[in-house]
Amino acid sequence: TGARPGEFGGYFRLNPQVDDIPKRFSVEYRGIYLMQMGTIRGAGKGCACPENAMLKALMSHLLLREKETVILDMVAGLEHLGRGTAQAVDAMYIVVEPGKRSLDIAQEIAQMATQLGIPHMWAVANKVRGEEDLLFMREHLKTLELIGWLPYDPRAIEADMRGQPLYDVSAALVDRVREIARQTGLL
């Protein structure tokens with residue numbers, strides 16, 4: 001973007017060249033190319049506008065020009081929608097947990113995604129302990145369709161603690177995720 005690290009209020013390019021970034025900075029794992037993007041590097045670092053302009057340009061490049069399937073695992077919250085980095089997304093799964101705050105944020109995410117023109121979005125319930133959790137979430141989701149759910153599974157927490165991919169730990173959870181993708185036509 002032409003911005004210098006640590007400088008505030010400077011000029012920067014809103015449409016930086018990004019076509020070389022995927023090849024230079026991705027890592028291949030099991031035939032999938034992975035990149036970590038959009039991380040805040042420390043407290044008090046100032047405005048992240050140049051970084052977000054670059055991220056938005058990269059997402060548009062990957063989603064619109066490359067004709068690739070891109071999966072964005074975004075940080076929970078609204079920033080990626082407020083900054084428009086998710087604007088070119090075709091479909092969005094909004095992961096919710098059985099709690100009022102999670103469900104309220106899901107509604108805000110859905111509203112902002114609609115404003116950005118994201119055409120398809122569904123809620124996926126996570127850490128479901130039983131039918132009572134599902135009933136609670138269905139009652140509070142309002143405009144979002146609950147397309148599927150994942151049960152609470154201590155193996156998921158253990159895998160995270162060990163840095164293991166969930167894919168290697170629980171075939172049942174992987175099968176549920178595949179079924180959710182099939183229901184939405186994305187697999």
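A salt bridge here is a side-chain nitrogen of Lys or Arg within 4 Å of a carboxyl oxygen of Asp or Glu. The structure holds eight of these salt bridges. Keep in mind that this is a predicted model, where local features need pLDDT of at least 70, side-chain atom pairs count only at pLDDT 80 or more, and totals for chains, interfaces and linings use all residues. Residues are numbered from 1 along each chain as its sequence is written, and side-chain values use heavy atoms, with hydrogens and water left out.

**Figure 1. The whole protein: seven helices and five strands.** Helices (H or I, at least four residues) and strands (E, at least two) are DSSP runs, numbered from the N terminus. Going along the sequence, you meet them in the pattern α-β-β-α-α-β-α-β-α-β-α-α. Of the 187 residues, 30% count as buried; buried means under 20% relative accessible area, exposed means over 50%, and partly exposed is in between (1.4 Å probe, protein chains only). The protein exposes about 13000 Å², and carbon and sulfur atoms supply 53% of that. Accessible areas come from the Shrake-Rupley method with a 1.4 Å probe, and for residues only the protein chains shown count as cover. Now take the contacts, meaning heavy atoms within 4.5 Å: among those between residues at least 6 apart in sequence, 62% join residues at least 24 apart.

**Figure 2. An open sheet of three strands, in the order β3-β4-β5.** The pairing is parallel, and two strands pair if DSSP finds at least two bridges between them. β3 (91-96) and β5 (146-151) stand at the edges with a single partner strand each, so one side of each has no neighbour in the sheet. From one strand to the next, the twist averages 25 degrees. Strand β4 (residues 120-128) pairs with β5 over four bridges, in the parallel sense. Look for Val128, whose bridge partner in β5 is Pro151.

**Figure 3. Two helices on the sheet, α5 and α7.** Helix α5 (residues 131-140) packs on the sheet and touches β3, β4 and β5. The direction of α5 makes about 150 degrees with that of β4. Helix α7 (residues 171-183) lies across β3, β4 and β5, and runs at about 175 degrees to β5. For these angles, axes are lines fitted to C-alpha atoms, for helices over the stretch in contact, and angles run from 0 to 180 degrees between N-to-C directions.

**Figure 4. A salt bridge between Asp168 and Arg30.** Side chains of opposite charge can pair when their charged atoms come close. In this pair the N to O distance is 2.8 Å. The two residues are 138 residues apart and link distant parts of the chain: Asp168 sits in the loop between α6 (154-162) and α7, and Arg30 in the loop between β1 and β2 (32-34). Asp168 is partly exposed, at 43% relative accessibility. Check the backbone of Arg30 too: its phi is positive, about 55 degrees, although Arg30 is not a glycine.

**Figure 5. Salt bridges in Lys100–Asp104 and Arg138–Glu131.** The side chains of Lys100 and Asp104 meet at 3.3 Å, N to O. Lys100 and Asp104 are four residues apart in helix α4 (residues 100-116), so about one helical turn separates them. Both ends are partly exposed: Lys100 has a relative accessible area of 49%, and Asp104 has 33%. In the other pair, the closest N and O atoms of Arg138 and Glu131 are 4.0 Å apart. Arg138 is partly exposed as well, at 45%.

**Figure 6. A nonpolar surface patch made by Tyr29, Ile32 and Leu34.** The patch covers about 290 Å². Patches are made of residues with over 30% relative accessible area and no salt bridge; like charges are joined within 9 Å, and nonpolar side chains (Val, Leu, Ile, Met, Phe, Trp, Tyr) within 5 Å. Tyr29 belongs to strand β1 (residues 27-29) and is partly exposed, with a relative accessible area of 39%.

**Figure 7. Two more spots to zoom in on, Lys127 and Ser170.** Lys127 is in strand β4 and has a positive phi of about 60 degrees, although it is not a glycine. Lys127 is partly exposed, at 37% relative accessible area. Ser170, in the loop between α6 and α7, is buried, with a relative accessible area of 1%. Not counting residues up to four places away in sequence, Ser170 touches Asp153 and Arg155.
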